[in-house]
Each structure stands twice: as structure tokens, then as C-alpha cells.
Amino acid sequence: MLHIRKSKIRNLKLIDTHSHIYSEDFDTDRAETVQRAREAGVEQIILPNCDSSTLPQMLSLQAEYPGYCHAAIGLHPTSVKADYETELSMVRAELMFNKYVAVGEIGIDLYWDKTFLDQQIKAFQLQVEWALEYNLPVIIHVRDSFNETMNALVPYKGRGLKGVFHSFTGTVDEAREIIAFGGFYLGINGIVTFKNSGLAAVVADIDLKHILLETDSPYLTPAPHRGKRNESAYVSLVCNKLAEVYNCTPAQIDEQTTFNAKSLFAI
Ligand SMILES: [Zn+2]
């Protein structure tokens with residue numbers, strides 16, 4: 001008798017380039033979360049760091065899934081406070097003694113708090129320099145700070161810097177400015193599925209060769225799960241939405257964006 005087994009694994013090889021599934025939101029079902037990601041066709045996951053408090057969980061998740069979960073190291077702009085120099089020495093030490101796929105996430109965030117703007121810029125630029133020193137890509141977080149971020153990057157133009165503007169939600173002009181800088185991709189997540197975001201129309205004007213897929217789990221859950229916890233499996237919903245935007249198949253989106261992610265992170 002012939003048994004034909006239907007594989008649950010679809011023929012996709014998605015990469016979630018931004019996921020915080022090491023966070024405590026997943027403490028009760030992290031293994032199942034990774035399993036669901038695999039079943040949704042997710043081949044690899046990038047884990048960006050926030051600060052010294054998130055480092056142990058992130059590293060233990062990477063150790064549990066070698067070759068599947070890849071850690072990045074950096075100090076997140078919302079974690080830049082009075083003690084930022086101590087935090088930065090942790091980042092520096094990690095870069096010296098451990099292997100990471102990127103420096104991130106780093107950047108400028110003026111949405112939550114403007115108190116430490118000067119320190120945010122300093123921390124951002126220092127970490128960009130370390131990325132150049134270690135020949136690593138940067139994962140950039142920008143919130144209400146597009147001009148400040150681009151200004152902070154001016155000294156590094158033409159020096160081989162590469163990376164991603166994660167959770168891109170800007171205008172077509174801003175996307176073009178990032179692309180013209182050279183070396184940068186735009187990370188697109190569940191926001192593109194939000195009808196009121198206008199992001200789908202912006203993305204439609206940008207060549208797919210500049211796009212990376214991400215979830216930013218546990219935040220920014222795509223439709224139809226909006227409002228619930230986000231997880232890496234849902235990167236397939238972002239892929240499906242982009243297939244609609246670019247009028248092609250999910251497999252084509254998958255192929256190009258996975259190629260982009262592999263080129264950038266060398267994974
Ligand atoms: Zn993040």
C-alpha cells in the first residue's frame with residue numbers, strides 16, 4: 001500500500017529579520033512558537049537585542065536553536081538612559097568576545113522620551129562605528145526621528161555601512177533617501193496590513209530588492225490577528241500581503257526577500 005504523507009511544512013524559506021520571541025511574553029510557549037514558525041515556512045529568525053536585561057534570554061534562545069535563531073547585539077535607543085555608558089561597554093565586550101550577525105537594535109526614538117536625545121545620538125554613532133569595525137550590518141530603529149537619524153549617519157556615508165531601517169513606516173521620499181544613502185534595506189512588518197497605515201502604497205513604489213520581511217514580535221501583529229500577540233509565524237502574512245502589493249506570488253516575495261536577508265546578514 002502506498003502512503004503519501006502530506007507535509008505540513010510549506011515550500012517557503014522565509015526569514016523573520018526582527019523578532020523578540022526571547023521576551024517574557026513567550027515564556028509559557030516559546031518552543032511551540034518556534035515550531036509554529038517552522039510550520040509556516042520560516043527558515044531563520046534574527047533576534048535584535050535591547051539592553052543588558054534582555055541579553056541572557058536572547059543568548060539562551062540562540063543556544064537552543066543554533067543556525068535557526070541568530071542574535072544581534074546593541075543598545076536600543078529607548079534603553080539609552082543616564083547609565084548608557086555602562087550599557088555600551090556591555091555591547092563592546094559582547095562584540096569582542098561573542099559572534100553576532102548584526103549590531104542592533106540601535107537608532108533614535110523621540111516618541112517615548114526626548115530627555116536623552118544627545119546621548120541617543122552619541123550611542124547610535126558609536127555603535128555604527130563598531131559595526132564598521134566588525135564589518136557587521138546595523139539594525140536601525142527610527143521613531144519620530146527620521147531627520148535626526150539621517151543626520152547622524154552623514155559621517156558614515158560612503159564607508160561601506162550596511163543595514164536595515166527596521167519597521168519602516170515613512171514616505172516614498174524617505175524610502176528613496178535611505179536607498180540613495182547606499183547599503184540599506186527597509187524592514188516591512190504587519191503595519192503594511194493595516195488599512196489606515198498607507199504603507200502598502202509606499203511599498204508599491206519601492207523595488208522589492210530593497211525589502212526585508214520582519215514581524216517585530218510580540219508587537220505590530222498583522223491582520224487578521226491585529227491586537228493579539230505577534231509571533232514569527234505571522235511573517236508569512238506579511239509575505240502574502242506583499243504578494244498582493246507587488247501583484248506576484250508569495251513564493252516570489254519569499255525568494256527575493258530571503259535572498260536580501262541572506263546577503264545582508266551573511267546567514
Ligand atoms: Zn525591535
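Here are some questions and answers about a sheet and one loop residue in this predicted model.

Q: What makes the three strands a sheet with the order 1-2-3?
A: Look at who pairs with whom. Strand 1 and strand 2 (residues 42-47) run parallel and share three bridges. Strand 2 and strand 3 also pair in the parallel sense, again over three bridges. Two strands count as paired if there are at least two bridges between them, so both pairs qualify. That gives an open sheet of three strands with parallel pairing.

Q: Why are strand 1 (14-16) and strand 3 (69-71) called edge strands?
A: Each of them pairs on one side only. As for the twist, it averages 20° from one strand to the next.

Q: Which residues stand opposite each other in the pairings?
A: Between strand 1 and strand 2, D16 is opposite I45. On the way to strand 3, the bridge partner of I46 is H70.

Q: How do you know which way the chain crosses from strand 2 to strand 3?
A: Follow the chain from strand 2 through helix 2 and on to strand 3: this β-α-β crossover is right-handed. The term applies because, with the strands pointing away from the viewer, the path from the first strand over the helix to the second runs clockwise.

Q: What makes strand 2 largely enclosed by the rest of the structure?
A: Count its buried residues: five of the six fall in that class, so the strand is largely enclosed. Just before strand 2, the chain comes from strand 1 through helix 1 (residues 30-39), and that β-α-β crossover is right-handed too.

Q: Where does A72 sit, and how far is its C-alpha atom from that of A102?
A: A72 is in the loop between strand 3 and helix 3 (84-97). Its C-alpha atom is 4.7 Å from that of A102, although the two residues are 30 residues apart along the chain.

Q: Why is A72 called buried?
A: The cut-off for buried is under 20% relative accessible area. A72 has 0%, so it counts as buried.

Q: What is A72 in contact with, leaving aside its neighbours within four places in sequence?
A: Contact means heavy atoms within 4.5 Å. By that test, the partners of A72 are L47, P48, N49, M58, Y100, A102, G104 and I139.

Definitions and conventions
Residues are numbered from 1 along each chain as its sequence is written. This is a predicted model: local features need pLDDT of at least 70, side-chain atom pairs count only at pLDDT 80 or more; totals for chains, interfaces and linings use all residues. Side-chain values use heavy atoms; hydrogens and water are left out. Helices (H or I, at least four residues) and strands (E, at least two) are DSSP runs, numbered from the N terminus. Axes are lines fitted to C-alpha atoms, for helices over the stretch in contact, and angles run from 0 to 180 degrees between N-to-C directions. Buried means under 20% relative accessible area, exposed over 50%, partly exposed in between (1.4 Å probe, protein chains only).
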